[in-house]
Amino acid sequence: MRREPPQRLVDYGPLVFPAGMLTVFFVVPFATMIAVSFFQRQQGGFYTPAFVFDNYARFLSLFFGKVLGFSLFLAIAVAVACVVVGIPFTYLLSRSKRNVQIVWLVALLSILSLSEVMIGFAWSTLFSRTAGITNLLVWLGLMEQALALTPSFTAVMTAMTYQAFPYTILVLYPALVRLDPTLTEAARTLGASPVKAFFTVVVPVLRNTILATLIMVFIFALGSYLLPQLLGRPQHWTLSVLITDQAIYQSNMPFAAAMAVFLVLVSLALVGLAFYAGRQKEAK
Amino acid sequence: MSDIFNARIGRRTVLGAGLAGASMLAMPAVLRAQDKSLKVGVYGGYFKDSFDKNIFEDFTKTTGIAIESIAEPTGEAWLVQLEQAAKAGAAPADVSMMSQVAMLKGQSTDLWAPLDLSKLPNAVNLIERFVNKYPDGRVAGIGAVSWYITLVSNTDVFKDAPTSWSALWEKDKEDKLGLLALVSNSFLLEVTAKTFMGGTNALDTDEGIIKALEKLAELKPNVRLWYRDEAQFEQALKSGEIPMGQYYHDVTGLAIADGFHVRSTFPKEGGIQDSGCWALSRASKKTEEAHVFINYMCQPAIQATLSRKVGTSPTVQRGLTDLTDQEFAAVSSDVEPIVPRYDLYQTKSDFLNQKWTEMIAG
């Protein structure tokens with residue numbers, strides 16, 4: 001069967017539903033948010049429709065710059081961690097027996113049924129001094145005294161990587177399963193070690209998949225606001241945490257909207273840059 | 001022939017009578033539902049459940065006014081909803097329980113219908129600060145419940161109870177405190193002002209606020225957790241993971257009753273007393289019923305019931321209630337409280353929020 005490009009107006013029919021959904025659930029709310037970001041904040045009250053740049057002006061400060069910088073850094077770090085752990089794991093998984101694969105996939109996908117709150121509380125217990133994993137290490141004689149591992153940057157990173165890991169596998173798994181095994185076999189017969197074959201053959205073949213995974217995890221991690229709050233110190237709070245504070249606790253919708261718009265623009269720019277870089281490399 | 005005729009008439013009569021009868025039976029119910037009911041917003045969850053069970057049922061029995069209770073979200077989301085609905089002439093709830101800052105913000109747009117004190121004879125029972133007034137003297141709201149935030153500690157870790165809020169600043173508390181994360185719900189500026197600067201009036205000027213923030217910044221090495229979510233701190237306090245901090249007096253009492261090794265102390269500077277008001281939306285058409293309801297809630301006996309069943313501190317003078325010393329101590333204290341400077345959170349909210357966030361996250 002060959003797919004014909006749409007000829008008449010009716011051929012576009014199937015697009016009506018998704019386009020409608022996209023408009024109602026994405027375009028309209030997003031446009032509202034952009035509009036609100038220009039509204040005038042009434043301190044001690046609400047806001048009035050206007051067209052002012054005050055909200056953006058307030059955001060352009062060293063303090064918010066640092067918070068934005070940290071949020072982007074955290075999201076990139078989580079994306080890289082997920083891919084670094086995810087690729088070897090998925091590669092080994094795709095080479096193992098079918099039963100083993102099923103068990104692993106079901107276990108990993110069941111993480112998706114846990115809410116962010118549960119993940120956060122579970123990790124804060126695991127990292128606590130009174131009930132955490134360090135007690136196990138003390139019992140084994142590996143440590144002198146139980147320690148609290150939270151709040152810390154490591155705790156935030158661990159929990160966020162844990163939360164994003166199933167998505168990483170979901171994107172990587174199909175590509176790795178479909179990977180032609182003769183490619184690595186050829187590399188091996190030509191004398192490459194398994195590790196060398198992995199890095200010189202498997203990784204370059206998967207370049208686009210890896211890029212897609214990085215971008216997806218990056219965007220997913222950028223929106224996280226609960227885990228940094230539960231497991232981090234105030235300097236680990238992301239921009240999303242401050243947006244929530246403004247929207248819910250200060251009822252400063254215009255400022256919250258301005259911060260959100262800024263966050264979206266910056267992340268879109270980064271994603272665009274990543275695509276562009278990928279394109280350039282492919283063209284060579 | 002006539003028999004058939006008669007029979008027909010008979011059937012019609014019966015049908016007609018039946019219909020009339022049915023509508024007569026139904027009419028009073030419809031009237032009652034429309035005239036004598038009130039939609040009341042209370043914080044969802046534990047609060048709403050307790051009010052439904054312990055207060056609203058008896059209220060309906062006594063006054064014949066049916067209550068439809070509505071779960072409000074905390075924070076200011078409910079204020080925003082009420083405000084937007086009022087602009088459209090609708091009231092998602094007639095009477096709502098509102099925080100003090102929300103009361104002030106609502107005042108700025110005349111959201112609250114003025115209450116008539118002559119229709120609230122029981123309001124004389126109230127402690128004066130629980131009558132919320134517009135700047136021109138109109139009554140915007142009436143104190144519904146109040147509660148305390150006190151200095152709490154784990155008794156296994158700290159054998160002796162602290163006596164002053166200044167205990168938070170001591171060197172041996174390093175990385176041991178849990179404090180509320182927002183300027184507008186922790187009220188730590190007021191605590192600092194009362195403890196070190198002679199009173200909350202020290203916050204009248206921006207310089208005073210900056211000075212209090214500088215003093216608070218000294219606390220940062222001691223704070224392990226700045227919490228937004230109560231459950232997060234409560235768990236850590238009970239286990240001794242975070243052995244000291246600020247928390248709700250009544251909930252700590254419940255934890256003690258459950259056998260956890262924690263205590264709640266009213267420091268010599270006083271506990272922080274926060275409160276909620278009953279306020280009537282200007283879009284409501286149930287002014288009469290609202291006054292009956294608010295008046296009912298101002299009775300000392302009802303306030304005592306709330307103290308016993310919901311764990312709130314009475315908004316009426318203590319002497320009027322029949323609370324025993326033990327019951328009173330479970331929810332309140334005679335130590336003069338630290339009353340938050342709600343006015344600041346309205347007039348200087350953005351300044352305070354900005355400086356506070358920079359202080360703790362910077």
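In this predicted model, the contact between the two chains draws on 23 residues from chain A and 30 residues from chain B. On the chain A side, two helices each put in at least two residues: helix 11 (226–231) and helix 12 (239–249). Helix 12 of chain A is the top contributor here, giving 4 residues to the side that touches chain B. As for what that side of chain A is made of, the tally comes to 11 nonpolar, 10 polar and 2 charged residues.

Stepping back to chain A as a whole, it's built from 13 helices and 2 strands. Its C-alpha trace spans about 75 × 70 × 35 Å along the principal axes. Of the 284 residues in chain A, 27% are buried. Take the contacts in chain A between residues at least 6 apart in sequence, and 66% of them turn out to join residues at least 24 apart.

Helix 5 of chain A, residues 116–126, makes a handy close-up. Its buried residues are A:Gly120, A:Trp123 and A:Ser124. These three sit on the same side of helix 5 of chain A, because they cover an arc of only 100 degrees around the axis. The general geometry helps here: an α-helix has 3.6 residues a turn, so residues three or four places apart point the same way. As for partners, the buried residues of helix 5 pack against helix 7 (153–177) of chain A, and also against helix 11 of chain A. Helix 11 of chain A thus turns up in two places, since it also supplies at least two residues of the side that touches chain B.

Over in chain B, the chain splits into two domains, and both are pieced together from separate stretches of sequence: domain 1 takes in 36–146 + 274–331, while domain 2 takes in 149–273 + 338–361. Taken over C-alpha atoms, the centres of the two domains of chain B are 27 Å apart. Where they meet, 11 residues of domain 1 of chain B are in contact with 12 residues of domain 2 of chain B. Three elements of chain B each bring at least two residues to the domain 1 side of this contact, namely helix 4 (100–108), strand 10 (272–280) and helix 12 (325–331). Helix 4 of chain B provides the largest share of that side, with 4 residues. By residue type, the side of domain 1 of chain B that touches domain 2 comes out as 4 nonpolar, 4 polar and 3 charged.

Notes:
Residues are numbered from 1 along each chain as its sequence is written. Chains are lettered from A and ligands numbered from 1 in the order in which they are written. This is a predicted model: local features need pLDDT of at least 70, side-chain atom pairs count only at pLDDT 80 or more; totals for chains, interfaces and linings use all residues. Domain bounds come from an automatic or database domain assignment. Two residues are in contact if their C-beta atoms, placed from the backbone, lie within 7 Å. Ala, Val, Leu, Ile, Met, Phe, Trp, Tyr, Cys and Pro count as nonpolar, Asp, Glu, Lys and Arg as charged, and the others, Gly among them, as polar. A residue is buried if 20 or more other C-beta atoms lie within 10 Å of its own, exposed if 12 or fewer, and partly exposed in between; C-beta atoms are placed from the backbone. The arc is that of the directions from the helix axis to the C-beta atoms.
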